[in-house]
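Q: I am new to this structure and should be grateful for a close look at a single part of it. Please choose one region and describe it in a connected way.

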Amino acid sequence: MSGADAAGRPGPPAESGYLPPGLPFFRVGTGRPLVVLPGLGAPHEVPRGFERAAEAGPLRAFALSREVWWIGRRSGLPRTTTMADLAADTAQALAPFDGPVDVVGISTGGSVALQLAADHPRLVRRLVLVAAGCRLGELGKRGQRAVLDRLDGGDRRGAGAEMVRLIGVRPVARQLEAWVGWLAGPWMLPRFTDDLAAVILAEDAFDLTARLPSITTPTLVVGGDEDSPYGPAVFSETAAGLPNGRLRLYSGRGHVGVQRAPGFARDVLAFLDTP
């Protein structure tokens, strides 16, 4: 996006706000644009305070050389929302950018990003799927369904525990982490639970396995060999099924821990910056 903001007005884009059709965003760094689509549980509004710090923290290494656009999902999603709908929203938000952009999708954001590359290939120059793949693994489906059941029952503490148990940094620590999720549940999930439920249902039905051969966007699949929601088998299948897919698997890393792996940002940027 150059020389105009999301509404088409001249001048540099805002640091944060909403892109049509109502997707929250914030922008950090300078350089060639890099769009980041966040994972499940990210606020469906412009993150502030601690939420902003939590979302922006992993992006610092990218912001040293890129203009990073964190773009979330809109609020008010119906439960009939599909992954294609979420990708169409993102495509609308990316329309004002100058040409195709590099996209990093994290976890559920990776599902949106892969759907975006499948349905709107001209918008994506290169794609990185971080702890994401062509579909959820069985543990991921069960875990997210457990979160949804807790949400539907009004149990935010239980939903927090189930979510943290699912995405725990290391398997050996997940029970302890689940207790932390139980304590923090009301804070973790204070609002947008209907939107969270809609995204869970969309990802539950998401499966692009059969379409992988038609997605020609150069793609790097990054995951940990101890990931639970997707698992190394899904990561490998995704990378192998893409005509221009590559796999980077980190040893001893779970779902969240992959972003803390030594060399993670270097590996991602090296792939994106390849001519």
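A: The following account takes strand 7 and its surroundings as its subject, after a brief view of the whole chain.

The model is a predicted one. The protein chain has ten helices and eight strands. It comprises 275 residues, of which 52% count as buried. If contacts are considered between residues at least 6 apart in sequence, 76% of them join residues at least 24 apart.

Strand 7 spans residues 219–224. Six of its six residues are buried, so strand 7 is largely enclosed by the rest of the structure. Its residues point in two opposing directions: Thr 219, Val 221 and Gly 223 one way, and Leu 220, Val 222 and Gly 224 the other, with burial in every case.

Two strands pair with strand 7. Strand 6 does so in the parallel sense, over four bridges, and here Val 130 has Val 222 as its bridge partner. Strand 8 also pairs with strand 7 in the parallel sense, over six bridges. Within that pairing, Gly 223 stands opposite Leu 249 of strand 8. To pass from strand 7 to strand 8, the chain goes through helix 9, and the resulting β-α-β crossover is right-handed.

Helix 9, the connecting element, covers residues 232–241, and its buried residues are Val 234, Phe 235, Thr 238 and Ala 239. These four lie on the same side of helix 9, because the arc they cover around the axis is only 130°. The spacing reflects a general property: an α-helix has 3.6 residues a turn, so residues three or four places apart point the same way. Ala 233 and Ala 240, on the other side of helix 9, are exposed. The cover over the buried residues of helix 9 includes strand 6 (124–130), strand 7 (219–224) and strand 8 (245–250). Strand 7 therefore belongs both to the crossover and to the cover of the helix within it.

Val 222 and Leu 127 lead from this region to the nonpolar cores. The largest nonpolar core has 42 residues, and those touching the most other members are Val 35, Ile 71, Val 103, Leu 114, Leu 127 and Ile 215. A second, separate core of 26 residues includes Val 222, together with Leu 59, Ile 106 and Ala 261. In the largest core, Ile 71 may serve as an example: leaving aside residues up to four places away in sequence, its contacts include Leu 19, Phe 25, Val 35 and Leu 94.

Helix 10, which covers residues 264–272, offers a further case of one-sided burial. Its buried residues are Phe 264, Ala 265, Val 268, Leu 269, Phe 271 and Leu 272. Seen down the axis of helix 10, they fall within an arc of 160°, so they line one face of the helix.

Two of these residues, Leu 269 and Leu 272, are among the residues touched by Arg 66, whose contacts also include Pro 33, Asp 102 and Asp 273. Arg 66 is found in strand 4, residues 66–71. With a relative accessible area of 2%, Arg 66 is buried. Its side chain reaches the backbone oxygen of Pro 33 at 3.4 Å. Arg 48, by contrast, counts as exposed, at 54% relative accessibility. Arg 48 has its place in the loop between strand 3 (32–37) and helix 1 (49–56).

Conventions. Residues are numbered from 1 along each chain as its sequence is written. This is a predicted model: local features need pLDDT of at least 70, side-chain atom pairs count only at pLDDT 80 or more; totals for chains, interfaces and linings use all residues. Side-chain values use heavy atoms; hydrogens and water are left out. Buried means under 20% relative accessible area, exposed over 50%, partly exposed in between (1.4 Å probe, protein chains only). The arc is that of the directions from the helix axis to the C-beta atoms. Contact means heavy atoms within 4.5 Å. A polar contact is a pair of N or O atoms within 3.5 Å; within protein, one must be able to donate a hydrogen and the other to accept it, and residues adjacent in sequence count only if both atoms are side-chain atoms. A nonpolar core is a set of buried Ala, Val, Leu, Ile, Met, Phe, Trp, Tyr and Cys residues joined through side-chain atoms within 4.5 Å. Two strands pair if DSSP finds at least two bridges between them. A crossover is right-handed if, with the strands pointing away from the viewer, the path from the first strand over the helix to the second runs clockwise.
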